[in-house]
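Q: I should like to learn how to read salt bridges and buried helix faces. Please take me through one example.

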Amino acid sequence: MLTPLTLLGGITPPEYPTLFFFEVGQWWDYAMLAVVTAALAFAAWLTQRNKWAVLALLVVVPILLTIFWWPHSTEGTNSAGWFPVVKQYSALLGSLSLVALQYTRKLRYNKWYLLIPPFILAINIIEAVIRDFQCYGIQGLDPSNGMVTWGGPWNIMNGIAGILNLVMISGWVGIFVAKGKSKAIIWGDLTIWWIIAYDLWNFAYVYNCLADRAWYSGVALLAACTIPVLFKFGKGAWIQYRAYTLTFWSAVVLTFPHFMQDSMFAHRSSHNPTALFIVSAAALVFNVGVFIYHAYRIVKTRRNPLSQEVYSDTGQYVSFIRDNATEDDQDRIAGRLGKSAKEAGYRD
């Protein structure tokens, strides 16, 4: 057991063994982390490809839970209140907007409808940035959610990282639906570097503001939407995996509120000020680096990130288009470069 000594910034360390970022825990905590990650990723993959999964997981189940379970399921837990509810329905709305894009061809070429994914993503980031700044002034038990929160310079650093990540959202005019069975929604300007920057920032936000949920709501949830995009079946489709996994996990939080709070699988933060500082510093440094390169690309290519894709001539983006885009989409994207699809390398 750790003794209740006071550390940097008045933070009292927890009275359980820790491994720098989190408590030591039991083997089943690590096994459940893998199970949650795999289950979320699989559910997202299935929903992307199967309309019956869409109907079941994004329509029928949420309606039934809204009527019969969610109105009273969180009473007396730290998942009570308006925030988890708003998170669930905003994530669900975002997921359904992507489903509509998949199955309604007319919407794919409506520039106003294509604003919905970046708008919801931006709102998600802004909401978290504001909360990070708010948590700077909290020391101890947060009355709004019943969880221990230790504010500090890490909140300011990560808030700035979130703002930079927000500013780098670009290329939504180039969102397209992949041909074939996958119907993946490809957003090529969300590069792997932007995704890593987002993951570092989002994990730091959860670790700063929802510390004892960060094992699952941070590590598992972010891994579930990022790991698939490292493989061919998920490349370019991060926004879809992010929306679906967030929707499913928000539903789990409302349905089983004790899971992360006081079940045998609960896995708590170390509440270590050095760990808090490191995760936010890493998020800030990485986002600054990606932002500098993003700005360099915009200046070098003389592209307007509000009306053009910043990365559509890069090797990775070209492979997205060659493998997934219809000829109509290839022509549309190449046209914004002032080239034909062949000149842009999108087809032979």
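Q: How many salt bridges does the structure hold?

A: Side chains of opposite charge can pair when their charged atoms come close. A salt bridge here is a side-chain nitrogen of Lys or Arg within 4 Å of a carboxyl oxygen of Asp or Glu. The structure holds ten salt bridges. This is a predicted model, in which local features need pLDDT of at least 70, side-chain atom pairs count only at pLDDT 80 or more, and totals for chains, interfaces and linings use all residues. Residues are numbered from 1 along each chain as its sequence is written, and side-chain values use heavy atoms, with hydrogens and water left out.

Q: Which parts of the chain does the salt bridge of R105 with D328 tie together?

A: Helices (H or I, at least four residues) and strands (E, at least two) are DSSP runs, numbered from the N terminus. The closest N and O atoms of R105 and D328 are 3.8 Å apart. R105 lies in the loop between helix 4 and helix 5 and D328 in helix 12, so the pair joins parts that are 223 residues apart in sequence.

Q: Are D142 and R131, which meet in a salt bridge, buried or exposed?

A: Buried means under 20% relative accessible area, exposed over 50%, and partly exposed in between (1.4 Å probe, protein chains only). Both D142 and R131 are buried, and their N to O distance is 2.3 Å.

Q: Which residues of helix 11 are buried?

A: In helix 11 (residues 315–324), these are Y317, V318, F320, I321 and N324. They lie on the same side of helix 11 because they cover an arc of only 160 degrees around the axis, taken from the directions from the helix axis to the C-beta atoms.
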